[in-house]
Structures are given as structure tokens and as C-alpha cells.
Amino acid sequence: MPDRRAILSLLPLPFLLGAWTLFHIELRTSFPAADQVLEDAPQEIRLEFSTTPDTARSTFSLRGPEGAIQLDTIRWDAAEEPTVLRARVVGEMPPGDYLISWVAAPVDDHGGRGRISFSIAGGN
């Protein structure tokens, strides 16, 4: 049986890096952005990933100074924005510090998780 390292050494680096990104998901952008200070409460939370998330294994939540903030159902539009998960904020968001916690998995393989901190300086 051939040595795996020998076979991998024959593959071009861009191919290997491209294959890696197909099986791992990373957060590309968010609204609110990490460490952003908003004057007013956001009406929606939006997370954009490096690849299409598996909606059955991907989710996020929002916590504020007084605990969990209610979000509407997390939405995903496969045709328009296949890499974006979003949810409308239903609960009240007074000024203070907030934390979005997310877990996302691509359709194919390994998932990721992370946190995004932001603040609201102004009123609701």
C-alpha cells in the first residue's frame, strides 16, 4: 500500500487548501460585527460562513446583560444567500454588552463554533 505522505506530496498545495476549506466552516462576517458598538439595538442578527451550513446542525443564540434574548426562527435562503444564517431579534435589548454564540457545520464534515461580543451604547 502506498505511503499517504508520498501521495499527498504529489498533490498541489492549492488543491489541498481548497479541499480543507470544503470540509471546515468558518465565520466570515457578522452583523453586529465583533467588538462593534451600536447606537441602537439591531433588528436582526446575521452570520455569514465560508461554506453552506447544514441547517439541521447549525444554530446561534444571543445573550445580554439580563440573560437570553429571544430570537425569531433562524432563517436560511439557499437560493439567495446559501452561506448566511439570520434571525430577527424579538426580545428587548437595553444598552449593555451582548454575546452571540454560534455552532455551525457544513453539509459535508467538520463544524466550528465561536462567539461574537458587541455592545449597545444608546437606547433601544
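In the predicted model, the side chains of R46 and E81 are joined by a polar contact of 2.7 Å. R46 belongs to strand 3, which spans residues 44-49. Beyond its neighbours up to four places away in sequence, R46 touches T29, S30, F31, E81, V84, L85 and R86. The C-alpha atoms of R46 and P32 are 7.4 Å apart, although 14 residues separate the two along the chain. R46 also meets E48 in a salt bridge between side chains, at 3.9 Å from N to O. E48 is partly exposed, because its relative accessibility is 22% and the buried class ends under 20%.

E81 has a second side-chain partner in R86, with a polar contact of 2.5 Å. R86 sits in strand 7, residues 81-88. A further polar contact, of 3.0 Å, connects the side chain of R86 to that of E44. R86 has a relative accessible area of 19% and is therefore buried, the limit being under 20%. Setting aside neighbours within four places in sequence, the contacts of R86 are E44, I45, R46, F60, T73, I74, R75 and E81. A network of salt bridges links E44, R46, E48, R75, E81 and R86.

The structure holds 7 salt bridges. One of the pairs is R88 with D72, at 3.1 Å from N to O. This pair links distant parts of the chain. R88 lies in strand 7, and D72 lies in the loop between strand 5 and strand 6 (75-77), 16 residues apart. R88 is partly exposed, with a relative accessible area of 42%. D72 also counts as partly exposed, at 31% relative accessibility.

Another salt bridge joins the side chains of R57 and D54, again with an N to O distance of 3.1 Å. R57 is partly exposed at 42% relative accessibility. D54 is located in the loop between strand 3 and strand 4. A polar atom of the D54 side chain lies 3.0 Å from the backbone nitrogen of A56. D54 is also in contact with A105, P106 and V107, leaving aside neighbours within four places in sequence.

The sheet was examined next. An open sheet is formed by 5 strands, in the order 2-9-8-4-5, with mixed pairing. Strand 2 (37-38) and strand 5 (67-68) stand at its edges. Each has a single partner strand, so one side of each is left without a neighbour in the sheet.

Strand 4 (residues 59-64) pairs with strand 8 (residues 96-104) in the antiparallel sense, over 5 bridges. Within this pairing, T59 has V103 as its bridge partner. F60 stands opposite W102 of strand 8. Strand 4 also pairs with strand 5, in the antiparallel sense and over 2 bridges. Here R63 is the bridge partner of A68 in strand 5. Strands 4 and 5 form a hairpin, with 2 residues between them.

The two faces of strand 4 divide by cover. F60, L62 and G64 make up the covered face. T59, S61 and R63 make up the uncovered one. Bridge partners are thus assigned for residues of both faces: F60 has W102 opposite, while T59 is partnered by V103 and R63 by A68.

Two residues of the covered face, F60 and L62, recur in the nonpolar interior. The largest nonpolar core has 21 residues. Those with the most contacts inside this core are F60, L62, M93, I100 and F118. Two or more residues of the core come from each of strand 3, strand 4, strand 7, strand 8 and strand 9 (112-120). Strand 8 gives the most, with 4 residues.

L62 illustrates the packing around this core. Apart from neighbours within four places in sequence, L62 is in contact with I45, G67, A68, I69, L71, V89, M93, Y98, L99, I100 and F118. F60 connects the account of the core to that of the charged residues: F60 is among the residues with the most contacts inside the core and is also in contact with R86.

Conventions: Residues are numbered from 1 along each chain as its sequence is written. This is a predicted model: local features need pLDDT of at least 70, side-chain atom pairs count only at pLDDT 80 or more; totals for chains, interfaces and linings use all residues. Side-chain values use heavy atoms; hydrogens and water are left out. Two strands pair if DSSP finds at least two bridges between them. Buried means under 20% relative accessible area, exposed over 50%, partly exposed in between (1.4 Å probe, protein chains only). A polar contact is a pair of N or O atoms within 3.5 Å; within protein, one must be able to donate a hydrogen and the other to accept it, and residues adjacent in sequence count only if both atoms are side-chain atoms. Contact means heavy atoms within 4.5 Å. A nonpolar core is a set of buried Ala, Val, Leu, Ile, Met, Phe, Trp, Tyr and Cys residues joined through side-chain atoms within 4.5 Å. A salt bridge is a side-chain nitrogen of Lys or Arg within 4 Å of a carboxyl oxygen of Asp or Glu.
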